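Colleague: I am new to this one. Could you show it to me and explain the terms as we go?

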Amino acid sequence: MIPVAIGLLFLLLALGLPVAAALALLALGLDQIFSPIDLYLAIGELSWVSSSNALLVSVPLFILLGEILLRSGIADHLYGAMSRWLSWLPGGLMHANIGASMAFAATSGSSVATAATISVVGGPMVDKYKYNKRLFFGSVAAGGTLGILIPPSINLIIFGWLTETSVPQLYLAGFLPGLLLSVVFSAAILGICLLRPEMGGVKIKSSWTDRFQSLPRLLPALAIFVVVIGSIYAGIATPTESASLGVVAAMILAAFHGRLSVDMMLAAIDGTMRSTGMIMLIVASAWFLNFVLSALGLVSALNSAIGALDLSPTGLILVLIAIYLILGMFMDPLAMMIVTVPITAPLVTTAGFDPVWFGILIVLLCEAALITPPIGMNLFVVQGVRRRGTIDDIMIGVVPFVLCLIAMIGLLVLFPDIALWLPEVLSE
Amino acid sequence: MTLETTLRRFSLLLSRIGGGMLLATALLVSAEVLLRKSRIVVFSFGTELSTYALAVGASWAFAHVVFERAHVRVDVVSQRLPNRPRACFDIVAVASLALVGLVLTFGAWGTFASSLSYGTTSNTTLATPLMIPQGMWLFGIAWFTFIAIYRTMGASLAFVRHDLAEVSRIAAPPSAEDKATEVASGARSRAETQS
């Protein structure tokens with residue numbers, strides 16, 4: 001049964017069927033082949049339950065939050081402040097790319113929104129200060145991936161829903177890896193620019209007065225972060241409610257910057273609904289598929305099959321990492337997660353790993369998926385903003401950062417406490 | 001106005017109404033949280049309504065997503081094929097959405113019909129008659145199915161006429177570059193209004 005299921009899934013996906021249709025047809029097919037009873041009668045009830053789920057409401061709201069922030073002018077302020085504090089380092093504004101991405105990520109749950117926003121603001125600096133364009137745009141594409149690691153995070157919400165893991169715990173677990181990954185990215189830029197100073201552009205000087213005067217510009221982002229994340233841990237709001245508060249805060253901020261208009265909101269809603277419709281159809285199909293898979297006992301069959309392979313727990317994790325890195329080259333990370341996590345998460349928890357830790361590992365692998373060619377959404381987004389040259393520049397420029405991500409994944413496997421320490425300390 | 005434009009505009013309108021519902025519940029839930037915190041009035045039906053807004057709003061967006069060809073596909077294989085087989089893959093892809101839509105409509109009809117005949121209400125203070133949100137949800141799924149069938153027929157007829165460009169316009173995924181350019185233009189338009 002396992003080879004049939006996996007074979008069919010890959011066949012349907014390789015045929016280029018929409019992911020949602022591939023999942024639903026796989027579920028119907030497996031049901032026809034293996035099940036004595038017709039499970040498809042349950043499809044209405046299952047899709048209603050999954051598509052009216054209270055936790056999942058936060059997904060479109062976070063997409064909307066990102067779409068509004070993208071148009072709100074918040075990024076210019078973040079970038080201005082970050083460049084004054086960080087551009088003295090060898091590598092100059094490339095550190096501002098990482099720093100501003102990190103700060104924007106703390107307000108946005110989406111990596112694509114982060115990359116789009118930062119590349120619009122940072123892009124014009126390449127020629128102005130004579131940076132190496134490949135490394136510069138590579139740092140924007142890579143910095144953007146922080147969007148889904150640093151809370152809030154759409155991917156962590158979906159992971160929490162798929163595995164019944166606490167979203168506040170997952171958020172807490174994302175903080176330190178997010179900060180550490182930013183430092184690793186910056187360290188790579190620093191190292192490269194120390195070896196090859198010509199890649200690091202013209203030095204930009206800022207005075208301490210400038211720096212301190214720029215601090216208030218960080219306030220709008222901080223305000224959104226406090227509203228969205230603070231409200232959860234202060235016990236004021238659930239993760240879903242905090243997403244609603246975030247949308248309102250972002251609208252207020254956009255109004256404050258004079259950017260709130262009917263046209264702007266319509267554009268934000270259109271973008272939001274395009275992603276929401278796409279994701280929710282996948283969610284409904286995946287939920288039906290999971291139901292069929294568990295009714296057929298496929299997950300436990302897979303569990304015993306893997307058990308029979310006699311892999312060590314670490315061996316299992318390494319195999320999974322390799323599979324995800326390869327899948328991520330070709331698949332949209334969110335679709336990849338929804339398709340695979342219901343199968344891999346039970347394997348990993350049975351092997352004795354913490355589901356919160358696994359959630360962070362999966363998000364790091366999703367980040368890699370965003371920047372590994374041939375299909376990497378952040379690469380396309382950065383190239384889309386740049387509008388000249390070829391995408392090869394960005395694919396080459398991002399290579400050092402892909403290596404950083406792989407190193408970060410290694411660190412997380414070696415030292416699980418990077419993710420688990422904060423949730424443990426704070427829940428005591 | 002051609003049939004296609006009418007259907008496309010109506011689908012966009014549905015999607016916007018769905019988005020409006022989600023935005024409205026976000027405002028309602030925010031008000032709820034603030035009032036709860038200040039202990040002025042305590043009411044809590046925003047979360048329940050937001051779950052209906054999600055189910056209904058998402059299903060009302062499905063058809064527009066078909067027009068936008070944004071139901072995500074893994075097209076690594078089909079992209080590398082010559083024009084004619086690639087057009088076949090594209091038609092199969094949109095047809096598969098129509099097929100899944102039919103199954104979903106059938107399932108959603110069952111759920112709606114049983115809520116209707118038993119008069120099921122939600123187990124909350126609102127006691128929402130579930131046939132209302134489920135009926136709206138069913139409508140979105142049925143409309144999506146209709147649009148997916150309409151697009152499948154359009155693409156198939158074009159294929160029979162050997163009009164491969166038309167097949168591609170209806171059913172091929174926009175290239176990743178196109179999608180990215182759209183995201184980028186959203187961010188850029190904001191930068192340009194500023195300068």
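**Interface and hollows**

Modeller: Gladly! About 5900 Å² is buried between chain B and chain A, with carbon and sulfur atoms giving 74% of that area. This is a predicted model, where local features need pLDDT of at least 70, side-chain atom pairs count only at pLDDT 80 or more, and totals for chains, interfaces and linings use all residues. Residues are numbered from 1 along each chain as its sequence is written, chains are lettered from A and ligands numbered from 1 in the order in which they are written, and side-chain values use heavy atoms, leaving out hydrogens and water.

Colleague: What makes that area "buried" between chain B and chain A?

Modeller: Buried area is the accessible area (1.4 Å probe) that two parts lose on being put together, summed over both. The contact (heavy atoms within 4.5 Å) takes 67 residues from chain B and 65 residues from chain A.

Colleague: Why is the meeting of Arg274(A) and Glu68(B) called a salt bridge?

Modeller: A salt bridge needs a side-chain nitrogen of Lys or Arg within 4 Å of a carboxyl oxygen of Asp or Glu. The side chains of Arg274(A) and Glu68(B) meet at 3.1 Å, N to O, so the pair fits the rule. The rule finds three salt bridges across the interface of chain B and chain A.

Colleague: Which classes of residue make up the side of chain B that touches chain A?

Modeller: That side of chain B has 39 nonpolar, 17 polar and 11 charged residues. Here Ala, Val, Leu, Ile, Met, Phe, Trp, Tyr, Cys and Pro count as nonpolar, Asp, Glu, Lys and Arg as charged, and the others, Gly among them, as polar.

Colleague: What makes a hollow a cavity or a pocket?

Modeller: On a 1 Å grid over the protein atoms alone, a cavity is a set of points where a 1.4 Å probe fits but cannot get out, while a pocket is an open set with protein on both sides within 12 Å along at least five of seven lines; lining residues have an atom within 4 Å of a point. By this rule there are four cavities of 30 Å³ or more. The largest cavity has a volume of about 130 Å³, and its 15 lining residues include Arg69(B) and His71(B), among those nearest its centre.

Colleague: And what lines the second largest pocket?

Modeller: The second largest pocket, about 580 Å³ in volume, is lined by 30 residues, with Ile6(A) and Leu302(A) among those nearest its centre. By class, this lining has 27 nonpolar, three polar and no charged residues.

Key. Grid points are joined across faces, edges and corners, and a volume is the space filled by probe spheres set on the points.
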